[in-house]
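I opened the file to look up a few residues and the groups they belong to. These are my entries in the order I made them.

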Amino acid sequence: MKTIQSKLKKQLHSPKIVNIMYVPALIFFVLLIFYPFFQGIIISFKEWNGYSPKFLWVGLQKYQKLFHDKDFYFTVKNTLIYGVGSTLIQNILGLGCAVLLDQKMRCEKLVRTVVYLPVVISALIMGYVWYFFFKFEGGAINDIMMLLGLDPLDWLAVGKRSVWIITLVNSFQYMGISMVIYLAGLQGIPKTYYEAASIDGATSWTKFKNVTIPLLMPAITTSVVINIIGGLKLFDVIMAMTKGGPGYTSASISTMMYQMYFVRMDAGYASAMGIVMFLIISIISIINLKFFRNKEVEM
């Protein structure tokens, strides 16, 4: 009996069996990721309305149009603000919460739950909730302002202001992810390092700067890359709060793609935007990953 069990264990742990286990995941990956991606590349070379069986091959015409489109350049700028701005705010707030919770404070589990709770809420629902705070007529913030004798403000009517409001809303929702990553990193740092630093007379700031941050670099790398990818492809919150308006003043590449495909019915142009957005996200993510990986080695 023991010999049969040992043989089965050897077979299950053999490289061939392990490789076979990857096959279902690879099939799903090809069907759900690679196939749609390559279909998108093909569609970007077509003049197509998105549903008709008829289409016209136009080659690189959609890409030429894209690089001469001022609205697209404006949405790229907004997308970078959403990506970089959200990443900075999420990581600063997430690290602050993680450091606070690592001190074994009272109601630690409750605070952790409250901070992380927005992450599990649909981004679209969160966007609508915040919209009712910022909308002009009947908005909670304007109602409070009028009670104080102040004039109401149309918060989402100005593109620059609405971009930063959306960035803050997105940061508030997802800072819980950064908090969890940093908290796991902090709890993995041996306390002996802090004890040794205290013996040497190090202050709290010195310990944070010279002990915590260097040992937290792998967590920082993970958090930054995840957050910047999420921020650069932001869609739901924008659609709920402004729909990318007025015009394209608060639009991201994702929302402009939606407008082109489902409103203007220009599937080829929307697909070309999607390919460019993929390249932008890939380049920025790889640069960030390499930069922070090098920092891990240096520190």
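Entry 1. I started with S86 and asked whether S86 is buried or exposed. The relative accessible area of S86 is 0%, and buried means under 20%, so S86 counts as buried. I am working from a predicted model, and I keep that in mind for every entry. I placed S86 in helix α4, which runs over residues 70-101.

Entry 2. I then looked up what the side chain of S86 reaches. I found the backbone oxygen of Y82 at 2.7 Å from the side chain of S86. I also found a polar contact of 3.0 Å between the side chains of S86 and N170. With neighbours within four places in sequence set aside, I listed I81, T167, N170 and S171 as the contacts of S86. N170 is therefore on my list for S86 twice, as a contact and as a polar partner, and buried S86 has a relative accessible area of 0%.

Entry 3. I went on to N142, which I found in helix α7, residues 140-147. Is N142 buried or exposed? N142 is buried, because its relative accessibility is 0%. Leaving out neighbours within four places in sequence, I noted that N142 is in contact with K135, F136, P152, L153 and W155.

Entry 4. I wanted a residue with some exposure and picked V23. I located V23 in helix α2, residues 15-43. V23 has a relative accessible area of 38%, and the class between under 20% and over 50% is partly exposed, so I wrote V23 down as partly exposed. V23 is one of the residues that make a nonpolar surface patch of about 1,100 Å². I noted other members of this patch, including I20, I27, F28 and F38.

Entry 5. I turned to the inside. Which residues touch the most other members of the largest nonpolar core? I noted Y182, L216 and I220, out of 21 residues in that core. At least two residues of this core come from each of α4, α8 (159-187), α9 (191-199), α10 (204-215) and α11 (217-232). Helix α8 gives the most, with 6 residues.

Entry 6. I followed up Y182. Apart from neighbours within four places in sequence, I found Y182 in contact with N91, G94, L95, A98, L216, A219, I220 and S223. I closed the page with a second, separate core of 20 residues, whose members include L66, Y248, Y269 and I275.

Notes:
Residues are numbered from 1 along each chain as its sequence is written. This is a predicted model: local features need pLDDT of at least 70, side-chain atom pairs count only at pLDDT 80 or more; totals for chains, interfaces and linings use all residues. Side-chain values use heavy atoms; hydrogens and water are left out. Helices (H or I, at least four residues) and strands (E, at least two) are DSSP runs, numbered from the N terminus. Buried means under 20% relative accessible area, exposed over 50%, partly exposed in between (1.4 Å probe, protein chains only). A polar contact is a pair of N or O atoms within 3.5 Å; within protein, one must be able to donate a hydrogen and the other to accept it, and residues adjacent in sequence count only if both atoms are side-chain atoms. Contact means heavy atoms within 4.5 Å. Patches are made of residues with over 30% relative accessible area and no salt bridge: like charges are joined within 9 Å, nonpolar side chains (Val, Leu, Ile, Met, Phe, Trp, Tyr) within 5 Å. Accessible areas come from the Shrake-Rupley method with a 1.4 Å probe; for residues, only the protein chains shown count as cover. A salt bridge is a side-chain nitrogen of Lys or Arg within 4 Å of a carboxyl oxygen of Asp or Glu. A nonpolar core is a set of buried Ala, Val, Leu, Ile, Met, Phe, Trp, Tyr and Cys residues joined through side-chain atoms within 4.5 Å.
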